[in-house]
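Me: Please take a close look at the backbone of this model, at the residues with an unusual sign of phi, and say how far the predictor's confidence carries.

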Amino acid sequence: MSESHRTEPEGFEPFERTPPPLHMSNVDPTKQLHWERETLEKLAFASLREQKSARRWRTFVRLSWLLFFVFLVWLGMSRGAPTASKTTAHTAVVEIKGEIAAGADASAEFVVAAMKTAFEDEGAKGVVLLINSPGGSPVQAGIINDEIRRLKAKHKKPVIAVVEESCASAAYYIAAATDQVFVDKASIVGSIGVLMDGFGFTGLMDKVGVERRLLTAGENKGFLDPFSPMSDAQRAHAQQMLAQIHTQFIDVVKAGRGDRLKLDTPGLFSGLFWSGQTAVDLGLADQLGNVDFVAREVIKAEEVIDYTRRDNVAEKLAKKFGAALGDATVRAMRLSPSLR
């Protein structure tokens, strides 16, 4: 079919022209520029507001952290003090709980500081050492023992030990310096002895074929190394040292308890321990009683004020994140004498 005879559908125009866009034909160019300027300004102001908001938030977060650390420092610089007036008659209480060791709550540093505050308080008519401890370091216990005797003589105030669950070894070393020892009938009291414990792996190492290579300058420098054998001379030296500390312990108990002790009791200084009721019979304790009884009937000041110094939040966080890791490792190896 030729081009001249081709027919198109009705209403079809192959070359129909498209109308120009509205923004090209009906909008004033000056108004178009004004609209674009307003849009850019809105975007710019929104960006500025977002930046200001972000800066404010960063400032708030930084100030919050700063205040948090200032609070921790303040806690580290101060400890809880008694709220009672110095002129109010009361019984001062200092707790000795847990292991007696440097860096612990029952360290000589904390206990002695609390006792000094208690003795110097004019309203404190007497001091109670509330003890619940299995023992610990003879050095720390000796420091506390010496300080008890010094403060008693200086301030002329009674100091009394009150035992809860246990008062053994180094804890009893401390209690022996007090004027009186009160216990519960089921308390554990005594264990007047010294020990030094550890492990030896030499036989196991021989079986698995492991060789210990330890170089020392001094034939006894590796003394108590758990991977090296202990000679008879080294064992005798350690036993002599323990016997000397044991003698010191016995002398302290005899000086503190005096004629109240039943010295003819078999095993009294052998490391055995007894119930509170039996401890009273042996002269290791004076009578049964608790803190309230002592405050009311012995010291005659019924109000009880706690002077115990404890780790604050900052110190607990520091210890939790590793400050006491080395000390815990040494104690786990038990390379020093212990009264427990």
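Reply:
**Confidence and two positive phi values**

In this predicted model, helix α11 (residues 325–333) has the lowest mean pLDDT among the elements of the protein, at 48, while strand β4 (residues 180–183) has the highest, at 98. Here pLDDT is the predictor's confidence in each residue, from 0 to 100, and helices (H or I, at least four residues) and strands (E, at least two) are DSSP runs, numbered from the N terminus. The protein averages a pLDDT of 81, with 76% of the residues scoring at least 70.

Two stretches stay under 50: residues 321–325, for which the model has two contacts beyond four places in sequence, and residues 328–335, for which it has 10 such contacts; a contact means heavy atoms within 4.5 Å.

As for the backbone, serine 169 is not a glycine, yet its phi is positive, near 50°, and its place is in the loop between β3 (159–168) and α5 (170–175). Serine 169 counts as buried because its relative accessibility is 0%, where buried means under 20% relative accessible area, exposed over 50%, and partly exposed in between (1.4 Å probe, protein chains only).

Lysine 300, also not a glycine, has a positive phi of about 65° and lies in the loop between α9 (291–298) and β8 (304–306). With a relative accessible area of 60%, lysine 300 is exposed.

Residues are numbered from 1 along each chain as its sequence is written, and side-chain values use heavy atoms, with hydrogens and water left out. Local features need pLDDT of at least 70 and side-chain atom pairs count only at pLDDT 80 or more, whereas totals for chains, interfaces and linings use all residues.
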